[in-house]
Amino acid sequence: MPALSSSVGSGAAGAAIFADSDSRRYRYFEPRGKRATHYEDVTVDVQPDPERYLIQNWIISFANGKGAYVKDATALKSSNWHAFRAPDQEWERTHYQRQSRIETMVQSVIANARRAGAPANFDKVWQRILQAHLGAWKHAEFGLGTSLMQAQRYGYTQMINNATLTNSSYKMRLAQDITLYLAEIGMDIPGWNDELGKVAWLEDPIWQGTREAIETIMGSSDYLEQYFAINIVFEPLVGELFRSGFLMQVAAANNDFVTPPVISAAEADYERNLANTIDLIYLLANDEKHGGENRAILHGWLEKHRALADKAALGLQPIWSMPHSKPVSFQDVRAQSQERIGKILGELGLA
């Protein structure tokens with residue numbers, strides 16, 4: 001293993017040999033492939049680590065003596081926190097570009113639909129469902145986004161923080177998209193009530209299990225528990241269940257061809273976030289030194305959050321009975337979600 005400045009006790013030029021120390025490219029990390037990607041160039045080792053390059057230890061520490069980033073912010077342990085590379089290779093510029101494209105698409109869909117008078121032709125019962133239950137779901141997305149925003153502060157490396165923060169950004173964008181979408185189509189539907197979603201979220205028994213699951217995640221002090229609980233447990237059992245299993249499958253049958261494209265970007269978001277989470281959790285679950293201990297912790301998190309997610313999913317069941325046209329049953333969609341989480345856990349070796 002190449003010597004680092006921290007191990008030789010000096011930061012002077014030539015004191016350590018590292019990747020590309022004889023190159024004018026000045027790369028000081030080992031890329032995953034033959035060549036470093038742009039993502040790696042702008043992400044790896046951007047966040048300080050005294051064990052790698054800060055031989056003087058943290059430049060700034062908190063009053064309790066701890067540095068800006070600490071390993072004990074999570075119960076999980078790693079032999080090398082810097083090994084993780086997000087499969088989506090997303091950093092600031094690519095993230096902003098993708099978000100911008102999605103917003104352009106969403107706004108175009110809504111504008112074209114309103115121009116054609118589509119919202120007024122939605123089934124009347126479906127209009128009420130959108131007000132109350134899609135309106136409630138925006139609070140779920142906001143809660144998950146808020147949790148991830150808090151979680152990203154504690155990631156030990158920039159690669160972990162990038163993946164967590166972009167995940168948060170996608171959630172916040174969707175909550176905003178739903179809010180604006182409902183407000184805009186509401187201008188074309190007589191008697192529209194923007195407050196029904198908030199009332200449903202706070203008071204309707206259908207949503208209280210979902211609130212409990214999300215507020216439990218938000219209350220965790222372990223940032224990787226939050227990341228794991230959201231993407232490995234809650235999303236396949238509740239998030240996909242409601243977005244793909246209800247909104248995107250039932251809307252068209254009730255004369256609504258607008259809601260599915262507005263929601264569709266969220267499913268692509270989740271595929272990216274899931275791939276990132278699986279890679280990180282797999283590394284930790286199979287760590288050469290700490291894998292066994294980590295798997296025990298992960299099983300504990302799984303048991304805790306799966307019970308809450310199952311309760312949340314079952315609480316949502318009455319919504320499937322509400323529309324006039326019911327092209328899918330809750331039981332079928334629920335079976336798909338159980339199969340989905342089974343495959344995810346199998347990939348991680350946690351089934």
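These exercises work through a predicted model of one protein.

**Exercise 1. Overall build**

Task: Find how many helices and strands the protein has, and describe its extent.

Solution:
- Step 1. Count the elements. The protein has 11 helices and 0 strands.
- Step 2. Read along the sequence. The pattern is α-α-α-α-α-α-α-α-α-α-α.
- Step 3. Take the box along the principal axes. The C-alpha atoms fill roughly 75 × 40 × 40 Å.
- Step 4. Look at the contacts between residues at least 6 apart in sequence. Of these, 77% join residues at least 24 apart.

**Exercise 2. Inside and surface**

Task: State what share of the residues is buried, then describe the surface and the charges.

Solution:
- Step 1. The protein has 351 residues, and 52% of them are buried.
- Step 2. The accessible surface is about 15,900 Å². Carbon and sulfur atoms account for 54% of that surface.
- Step 3. Turn to the charges. There are 35 positive and 41 negative ones. Their mean positions lie 3 Å apart.

**Exercise 3. The largest nonpolar core**

Task: Identify the residues with the most contacts inside the largest nonpolar core, and the helix that gives the most to it.

Solution:
- Step 1. The largest nonpolar core holds 94 residues. Tyr181 and Trp207 have the most contacts inside it.
- Step 2. Helix H8, residues 223-250, gives the most to this core. Its share is 16 residues.
- Step 3. Check what Tyr181 touches beyond four places in sequence. Its partners include Ile110, Phe122, Leu130 and Leu134. Asp256, Val258, Thr259 and Val262 are also among them.

**Exercise 4. Two residues of helix H9**

Task: Decide whether Leu284 and Thr277 are buried or exposed, and list contacts of each.

Solution:
- Step 1. Place Leu284. This residue sits in helix H9, residues 259-285.
- Step 2. Apply the cut-off: buried means under 20% relative accessible area. Leu284 has 2%, so it is buried.
- Step 3. List partners of Leu284 beyond four places in sequence. They include Leu76, Lys77, Ser78, Trp81 and Leu224.
- Step 4. Compare chain and space. Leu284 and Phe84 are 200 residues apart along the chain. Their C-alpha atoms are separated by 9.6 Å.
- Step 5. Move to Thr277, which also lies in helix H9. Its relative accessible area is 0%, so Thr277 is buried.
- Step 6. Beyond four places in sequence, Thr277 is in contact with Tyr227, Asn231 and Ile232.

**Exercise 5. A charged residue in a loop**

Task: Locate Arg85, judge whether this residue is buried or exposed, and give its polar contact with Glu40.

Solution:
- Step 1. Arg85 is in the loop between helix H2 (38-43) and helix H3 (92-115).
- Step 2. Its relative accessibility is 6%, so Arg85 counts as buried.
- Step 3. The side chains of Arg85 and Glu40 are joined by a polar contact of 2.8 Å.
- Step 4. Other residues that Arg85 touches include Phe29, Tyr39, Met159 and Asp279.

**Exercise 6. Positive phi angles**

Task: Explain why the phi angles of Gln89 and Asn255 deserve a second look.

Solution:
- Step 1. Start with the general rule. Most residues other than glycine have a negative phi.
- Step 2. Gln89 has a positive phi of about 50°, although it is not a glycine. Gln89 is in the loop between H2 and H3.
- Step 3. Asn255 has a positive phi of about 65° and is not a glycine either. Asn255 is in the loop between H8 and H9.
- Step 4. Check exposure. Gln89 has a relative accessible area of 29%, so it is partly exposed. Asn255 has 38% relative accessibility, so it too counts as partly exposed.

Technical notes:
Residues are numbered from 1 along each chain as its sequence is written. This is a predicted model: local features need pLDDT of at least 70, side-chain atom pairs count only at pLDDT 80 or more; totals for chains, interfaces and linings use all residues. Side-chain values use heavy atoms; hydrogens and water are left out. Helices (H or I, at least four residues) and strands (E, at least two) are DSSP runs, numbered from the N terminus. Buried means under 20% relative accessible area, exposed over 50%, partly exposed in between (1.4 Å probe, protein chains only). Contact means heavy atoms within 4.5 Å. Accessible areas come from the Shrake-Rupley method with a 1.4 Å probe; for residues, only the protein chains shown count as cover. Lys and Arg count as positive and Asp and Glu as negative; His and the chain ends are not counted. The place of a charge is taken as NZ of Lys, CZ of Arg, CG of Asp or CD of Glu. A nonpolar core is a set of buried Ala, Val, Leu, Ile, Met, Phe, Trp, Tyr and Cys residues joined through side-chain atoms within 4.5 Å. A polar contact is a pair of N or O atoms within 3.5 Å; within protein, one must be able to donate a hydrogen and the other to accept it, and residues adjacent in sequence count only if both atoms are side-chain atoms.
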